[in-house]
Each structure stands twice: as structure tokens, then as C-alpha cells.
Amino acid sequence: MVIGHRSSIFLSILFFLISWCSFSQVSSSIDSTKIKIGAQITYKIQVEADTTDLVVFPEGQTFAPLEIIESYKVDTTKNSAKYNLIKKYGLTQFDSGRYTIPRQKIIIGNKTFYTDSLKVEVNNVVVDTTKQGLYDIKPYIEVEKSASDWWKTALIVLGILLLAAFLLYWFIWRKKPLTEEEEIALLPPYERAKMALKKLDESDYLQQAELKGYYSELTFIIRKYLDEKVYDRALESTTDELVARLNLLKDGNQIELSKEDIRNIETILKRADLVKFAKSAPDVELAKIDRNTIDLEIDHVKEALPEPTEEEKLLDKQYKEEQERKKKRRKIIATVVISVFLILTIFTGFVVKYGFDYVKDTIVGNDSKELLEGEWVNSAYGVPPIYISTPEVLERVESKAFDTIAQAKTTMFGYGKLLGDVSMAVSTTKFNVPDTTKIDLNISIEGSLRMLEQNGVKNLITKRDQFITPNAAEGLKVHGTADFPRPLSEEYVKGNYVMLAFTTQNILQQVMLVWKADDEYADQIMERVLNSVELKKVE
């Protein structure tokens, strides 16, 4: 419901009950018209009523500005067909000055009677400073302010993200220095074969007469070179199969290798086979000769190979680029997987600590949560003021109807829509009636409930309690649940409501709060608002 409709909703704050009475059956008196601060006055109401009449005496803080200390039991005596009832109250005041005890309402049967207002003078207590010890003012006590630890959580999350980013860079994206094996693997096959022969020379196979190991390394070098440059199955082929392939390639003019070169390779490979199966044991000098022969044949094979065509060079370039792309793709996949795992881990940690709904609402966004965690406003509304803390400033609601009904002057401030998720309204009404007129809070609340029903609210469940503000002002609290219609829709939404009503002299003050049910953030907002409501005396 928009702000323009609030006037019809809150017109009920103007309903009050004024009953004029005669004083033939009721009288009141006090035992003293002058007291000292904190002393007790005994206020007595005497009623004469029929034995069949129900008599209701005032209860609660109806004696303001005096405070009630104790309400005594009713003293009853029978006089013929009537009862004489005497009700006593203990009253006091802790501020000096002249005060008026307002008229009190007494209900006898179906009639209402009012007592006279009485004046009381409260005097200061005279202190003899010559006998009273004087002491220094006590120093202020420093209280440690409790601060939110959200920044600690933010630092932890930031630290985890920075650590994860560093680890991803260090282990995945950083160009790592190549090991010796990796540097050798990047060399062309010819340079790699030559380097392998040098490493073989530096080994101690020949010093220890380990010819089997020596020939195994030697034949692997030539086979590896042939596998990469001539025949891609040279490593897994037998000696006869490899020699047959070399002869076939030579006969097909695919490699310009002489018969003698092929014969030399065949001789060394077969000798290595015999050494491997322990059928031959050549001397060390012969092994050295075979090593030099392999070195020479590697050169001859290189010379016999045809120059690569432009198409082969292009294919080789494309192959290298494809390998680089695959490598980069693997890095991206690893980064994504690790990042998703890290995000899920952080999300799970926050869910465990704060709950799923809170984390979800923080990420997705929630209007009630933003209101609750935003910067609140402490302000006073109306005269006399209602002090209240709200997540947003309440805006003035203008309506001429307030000035014409019951000759009253009303100021109202509100936030939100009545049928929205969160709504707040504060109003102060001053009636053009004598100050001693009492306003019935129950009647005003009933009017407010009827106005809710007239605006489509259904299934109102109502509870009534006494409400006391932090500065000890007492009022009526009506709260409960109801089904609120959605604007421009036939749907109804379950909601909660609280109505507070206060009165003093001819002034009625009200606070109305409405919010959507099952909204934990709205519950916290309204609890905080209710705890902040205060009334203060008119200056």
C-alpha cells in the first residue's frame, strides 16, 4: 500500500473514548498536599455502589506525573443495599515542583465516573553540607567497545585468495627452469645422439668391462636416432627387421645410404645381440671401434636424409603450435578446477559459520538484510517527540483529514508500504479537549485493527501486552500475525504487525510496524526498532 493510502490506515489513531461523569457516587482525597522528594502520598478513592454493580478502579501508571508505588486491596463495607468501597494507592515523585494528579476514571456498572484533579507540592530535601561529607566526582570508567570482526574475515578471505593466486602462478603459469633431461629432449635428434655418445664416453662401462651395458646404450643411441629420422619403429624392431627396412628405403631412393653403411650398422647391432645373450665377449678395443663406427654412421645417416620440404616444415610448425595450445589449455583447465574448488571451499566455510541463507543473501542481495546492516538513523518525530531508531529516515505524511476529525492535530511519519516487506509509521495526535480528558488506548487500537480489515487484511491474530520503554514510559502493545494482500494481486502474504499506543493528558502517540513473516532480517530490524522507542517529557 503506497504512502498516499496511509492516511486511511492510521485514521484509527484518532479514536478515543471520552465519558463525562457526575461525582455524586465517587470522591477522592490525599493525605498530604506537600511532601519531600521520594516521600509517599496516600491517594484514596471512595465509591458508593449497589451490591450488584461491578466497580473497576484505575490500574497502571494513570497517576502521571506521579509514580505509583503500590496499589492496595479494596476495603469494602456494606451499608443497607449498598457497598462503600475504599481503594488506596501509594504515590511519589522524585523531582521537586508543583504537580497535578489527573482525574481518575472509575467504572460502576455501565457508567463512567471521574474524580477531581488534586494538586501536590514536592519539595527538595535540605542537606546540611557542614555535616555531610563531600567527595570527589568519580572518574569515568572506560568501557571497551565491542567491534565487529568482519574485517578479520575479509583479511582471511583475501589472504586465502592471494595464496591461491601465488600457488597457481608458481606451479602452473610460471615458466620453470628446464632440467638437464628437458633441455636434452628439446635438442634436435642429431645433437641429442651426439650428446648421448659423449655421455657414454664418460661412463665407466669400459673401465669395469661392463660390455653388456655398454652395447645396450650404444645400440639404443643409433636405434633412437633412426626411430626419429628414418623408421618410426626402429626401437621395437629386431635387427633383421630394421636392416630390411633400411635396405627397402635405400632401394626406394627414400634415403641415400650406402650398402656399406647399412652393413656396418647391421654388424654392430648383431654383435650387441650376441653380447646381450652372453654368446660373445668382444674386447674393450673392439667396443671403442664400434662406438666410433656408430658416431660415423650417425653422420652418414644425417647426410643421407633429404632436406625437409616447406610442407613438412609447416606441418612441424603447426605441430609445435598445437602442442603449445594443448599445454596452455591444460593450464587453463587446471586453474579453473582449482579456482572452483577454492570458491566452493570458502563458500562451505562461510555456510558452516554463518548459515546458508546469510551467505546466499550476501551474494545475491536481500533488501531486508541491507536495511539491517546499513547506517541507522536516530531521530525524534512529533511534539511531544517519539524517539526511535530506524534503518531509514521516516518521511512526513501529509493529510488534511487529521486536522478535521475530532478537532485534532496530527503529525505522522512513515517508511515503506503497508503491504510491502517492511513498513514503519509514527504518529502524534493532540486533541482539542481538556488536559484531564483520558484517552482509552484499547479503543484506539481497536480502530486501527478495523482499518486494517477494511484495507483487505485477513485472519488477524491479536495479543495484548503492556509495553514499557527504556525511560519507563508505559503504554499498550498489540501484536500478532495476519494475511496481507499484495498490491495489484489476489495473493496474500503472511505478515507480522506491532502497534504501540501511549497517552498523556490529551495526547495520543502511536507506532505501527508491519513486516513479512519468515524474514529473519526483518525480525531483527523490528526488534531493534522496538527496543529503541522512547518517550520524553515536553520541555
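1. Which residue in β19 does D483 stand opposite? In this predicted model, D483 faces K494 of that strand. The two strands concerned are β18, covering residues 474-485, and β19, covering residues 492-504, and they run antiparallel with 10 bridges joining them.

2. The connection between β18 and β19 is a hairpin with six residues between the strands, and within this turn L488 has a positive phi of about 55°. A reader going through the backbone here may wish to look at L488.

3. On the other strand pairing of β19, 10 bridges join β19 to β20, which spans residues 507-516, and these strands also run antiparallel. F502 has Q509 of β20 as its bridge partner. The hairpin of β19 and β20 has two residues between the strands, and Q505 there takes a positive phi near 55°.

4. Turning to the surface, D518, E520, D523 and E527 form a negative patch. Of these residues, E527 belongs to helix α14, which runs over residues 520-532.

5. A nonpolar surface patch of about 1100 Å² is also present, and its members include F166, W170, I332 and V340. Helices α2 (150-173) and α9 (310-354) each supply at least two residues of this patch, and the most comes from α2, with seven residues.

6. One member of the nonpolar patch is L167, which is placed in helix α2. L167 counts as partly exposed because its relative accessibility is 38%, and that class lies between the limits of 20% for buried and 50% for exposed.

Conventions: Residues are numbered from 1 along each chain as its sequence is written. This is a predicted model: local features need pLDDT of at least 70, side-chain atom pairs count only at pLDDT 80 or more; totals for chains, interfaces and linings use all residues. Side-chain values use heavy atoms; hydrogens and water are left out. Two strands pair if DSSP finds at least two bridges between them. Helices (H or I, at least four residues) and strands (E, at least two) are DSSP runs, numbered from the N terminus. Patches are made of residues with over 30% relative accessible area and no salt bridge: like charges are joined within 9 Å, nonpolar side chains (Val, Leu, Ile, Met, Phe, Trp, Tyr) within 5 Å. Accessible areas come from the Shrake-Rupley method with a 1.4 Å probe; for residues, only the protein chains shown count as cover. A salt bridge is a side-chain nitrogen of Lys or Arg within 4 Å of a carboxyl oxygen of Asp or Glu. Lys and Arg count as positive and Asp and Glu as negative; His and the chain ends are not counted. The place of a charge is taken as NZ of Lys, CZ of Arg, CG of Asp or CD of Glu. Buried means under 20% relative accessible area, exposed over 50%, partly exposed in between (1.4 Å probe, protein chains only).
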